[in-house]
Amino acid sequence: MAGSLRTTVLIGREPELATVRQALLDARGGAGRVLVVSGQAGVGKSRLLDEAVRVAGGLHMTVLRGRAVPEGGPLRPVAEAFYGHLRRSAVTGSAELRPFRAALERLLPGRADAATSPGVDPLVVLGEGLLLLLRRAGGEHGCLLVLDDLHWADRDTLGLLDYLATAVADVPVAVVLSARDDEGGPELLPRLRHLPELIRVVLRRLTPDEVGRLAAACAGGQPLPARVLDFLASTADGLPFLVGELLDGLVESGSLVDDGGWQVRGELTAQVPQTLAELVRHRTAGFAPEHLRVLQAAAVLGRSVDWSLLAPIAGVGEEAVALALRAAVEAHLLQPEAARPGQFGWRHELIREAVLAGLLVPGHALLARRAAQVMEQRDPDPAGPDGALIAELHARAGRPHRAAKLLVRVARQALARGAVRTAEAVLARAADLGGGTAVDVELVRVLTTAGRGARALAVGEAALPATGGEARVELCLHLARAAIMMARWQAARDYLDRAGRPDDPRVAALAADAAFGAGRVAEAAELAGRAFDAAERAGSAAVACEALEVVGRCARMSDPAAASAAFRRAADLAEAHGLVPWRIRALLGLGFVELLATETSAHAHQARRLADEAGMIAEVAGIDMVLANCRGLVEGPAAALPLAERAERMAATLRLPQVQAKARLFVALAHAAAGRTDAMNAALAEAQRLDPGAPDVVGAAAGVAAVAALYERDRGAARDLLDRSVAAMRGHPAAAPVHDWGLWALVRAALADRDRAARDELRGSGLTARAVNLGALHYADAIAAGRAGRRHEAAALLAAGDEALATQHWWRRFTRLIVLECALDDGWGEPVKELRAALDAFESAGERRPARMCRDLLRRAGAPVPRRGRGAGRVPPRLRAAGVTSREVDVLDLVVRGLTNAQIAERLFLSPRTVETHVSHLLAKTGAADRAALAAHWSAQTP
């Protein structure tokens, strides 16, 4: 058979090619571009993409390419494009990509069961990871991502492309997509339609003149007879693919021969097929019947065919398959896939469609049934990569119930890979096939996992009346989880009652969670204990961890030791059974207990590292918020700002408005401490816009404003704001024990305004389990005792407050100022001496506003006010010449005495970090190599 007449020259696509080149140049320069190439089948979309790849290679850009296929499974074209880079541990193991590694590895075969963050769109996490990967893959020259045939893409691929398209504007990446516009094409990419940066390339049919130029190029540049050109212009209908196919047909039929130049032999219209279907029939006319059955079996299997499946499907021997494949390749119908030995692909989807069109319905159904059976026998997990294709084959074979049952399993597999949109679409198809209640149960689970609680409740409530048996139990459990997600505590309990399984440990664990959320802590503890016992008997480690986590939360305020024991047991159980999310939650629970007494926790940092490694980025952002709070109490709001801003950026990326709102509160607090009132108010307004009406946000926002009022010495305004803060939180006993409670009692004591009631409420609430509240309560009691003339008691209470706040340096300094002013007014303690020490501490920490307050109070007491920036120590002349300050001398004196940085910080009312800075400066100024050398240097300066 004659060879195929083809050309690599693009004809009639000069403007489109120029657009592609410019987009690649823009992307290489750092301005990301997105192109969608559309047009009908055979118009040359893939050929234009080939040219984009060639141009990108000339620009030294990295090229990644994938293709969608029918029933290809979730994210198939993306997985194909990124496969090579994802296999390189040096890439995915980098520090930058580590948080996204779990999401990225879901694209690899057999990596579906990674942990996910509840309520976080997995595609957003995957999209961020892929953006970073594209940056790394492109290096200094940029990257081209090519995805072809997206009219067959799953919903998660399209959703991911929507996300990437909005994010590549400032990334050196060009994304080039293709889709048929006669099967949806770009309309399948809804958000892309509205992107101003989107470049549309719509391929039109070729003109008769362009068809002639293309035909001449295919013919090696030799002129073709006018009759041939007229025939191609009238028959190919302007489709480049058909031009090549028809030319091949002319040569194969003998109508066109190369005899020192192209010559026509006979009548073209009488001997050459007029349509592609006729052309395929013409090319297969000489096939033996068994060879034709092999070709038809290949068409039923899809775009890419594993030859080993064809013999049992077609009902022939393997030798017949080999001969049939050779004939199909020689007839330019199939071609071997170089990258996958043993696989054959259709030269064009139009050819496969033409072969399928030649099958009658019974023949198609018979081949589909055999294909499904063969594939199921070969694949022990029919819900694996070929699951959707097997299900579709069953549907075409007239087995809709079998197809629907299989699609439910396919949806579960898609969900495990984070492909939520695909799972939902697969379940919709299963419902169309009559999947029944199993589809409804799974759909509610998918929606709940995706954080779409309202939709899950609507779907599940509609399905519940018709659902019975075990399916009803599962549906009620999923509905209860959705209700808890929506903070509909009573609804959750109602669904659990409707499950009719009071002894099921899952029911008790969810009931405990709902009771805790509703503030019924004692009931939650009793239910959680019952759930744990039942889960242990049933051998259900996940439910046992869930129950222990509620036990720990319930005991955290009243019995920290019991809470720690529960969390530790949950962490050990989760580790033993590989339950990563539950281990993270248990470790964080342990961290919260530790943070009640001090602002450092090894377990909290361990939970963060584990969440980072597992790709649970929402949890990382949440833990960063906790650590930011701790750092702020120790080192001040400005020190907490970088952590909070990092968490805010991640929360914004992940579309987590609640976490983003809390991060905004930390930003507002930093502005409050610095006296930037307008910026503080803007940040508070943004926090409340992000999470409107949330009690913790309302309460914390008022608390931030109260701190600003205290810096302005307006205690009345601070009192009113703290009243509002406590009122917002008072009805939510399950909320975290924020430090605003202690500040509220302290300010009321300073104003002698119903302070006994405030102090008693705080004392009896259990919120003093957290040291910041306990210390503030001791300070408030000291003020009350001093005002009543019980001076020794007041001094003892002040010391008790100092002890409780031993590690919360900034918070201790800030709240102590309120106490010292009251001591000055009421004549107890040593306020002048204490104010001088506080002044040194504030100035060393660079906190000008509270330092100014100290100076004002000292002046009011008639005491001498030290010059700014001075410590208590005298600087020897030689050290003064080296630039050593009096505060550094104070530090040096304590270094010589053998105190650690933490002990020096405690003694001088500084943070350990500030002491470390002073020691570093001393080493540099004196030229000493270490602390011992510093001591020797000091000894030489002092007689």
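Is S564 buried or exposed? In this predicted model, S564 is buried: its relative accessible area is 15%, and a residue counts as buried when that value is under 20%. The points below cover the surroundings of S564, a three-stranded sheet with the helix across it, two nonpolar cores, and a pair of packed helices.

**S564 and its surroundings**
- Helix α28, which spans residues 560–576, contains S564.
- Beyond residues up to four places away in sequence, S564 touches L590 and V593.

**The sheet β8-β10-β9**
- Three strands form an open sheet in the order β8-β10-β9, and their pairing is antiparallel.
- The edges are taken by β8 (304–306) and β9 (334–336); each has a single partner strand, so one side of each is left without a neighbour in the sheet.
- On average, neighbouring strands of this sheet are turned by 35° against each other, with direction ignored.
- Strands of a sheet pair through backbone hydrogen bonds, in either a parallel or an antiparallel manner.
- Here β9 and β10 (residues 343–346) run antiparallel and are joined by three bridges.
- P336 has F344 of β10 as its bridge partner.
- Helix α13, residues 289–301, lies across β8, β9 and β10 and runs at about 85° to β10.

**Nonpolar cores**
- The largest nonpolar core comprises 148 residues.
- Within this core, the residues with the most contacts are L24, L247, L310, L333 and W346.
- Apart from neighbours within four places in sequence, L310 is in contact with V294, A297, A298, L301, V305, G315, V321 and L325.
- A second core, separate from the largest one, has 90 residues, among them L107, A153, A165 and L198.

**Helices α36 and α37**
- Two packed helices are described by the angle between their axes and by the distance between those axes.
- For α36 (residues 715–730) and α37 (residues 740–751), the packing angle is about 140° and the axes are 9 Å apart.
- This angle makes α36 oblique to α37, because only angles over 145 degrees count as roughly antiparallel.
- The crossing of α36 past α37 is left-handed.
- On the α36 side, the contact is made by R715, G716, A718, R719, L722, D723, S725, V726, M729 and R730.
- On the α37 side, the contributing residues are D740, W741, L743, W744, V747, R748, A750 and L751.

Methods. Residues are numbered from 1 along each chain as its sequence is written. This is a predicted model: local features need pLDDT of at least 70, side-chain atom pairs count only at pLDDT 80 or more; totals for chains, interfaces and linings use all residues. Side-chain values use heavy atoms; hydrogens and water are left out. Two strands pair if DSSP finds at least two bridges between them. Helices (H or I, at least four residues) and strands (E, at least two) are DSSP runs, numbered from the N terminus. Axes are lines fitted to C-alpha atoms, for helices over the stretch in contact, and angles run from 0 to 180 degrees between N-to-C directions. Contact means heavy atoms within 4.5 Å. A nonpolar core is a set of buried Ala, Val, Leu, Ile, Met, Phe, Trp, Tyr and Cys residues joined through side-chain atoms within 4.5 Å. Buried means under 20% relative accessible area, exposed over 50%, partly exposed in between (1.4 Å probe, protein chains only). Angles under 35 degrees count as roughly parallel, over 145 as roughly antiparallel, 65 to 115 as roughly perpendicular and the rest as oblique. A crossing is left-handed if the near helix is turned anticlockwise from the far one by less than a right angle, and right-handed if clockwise.
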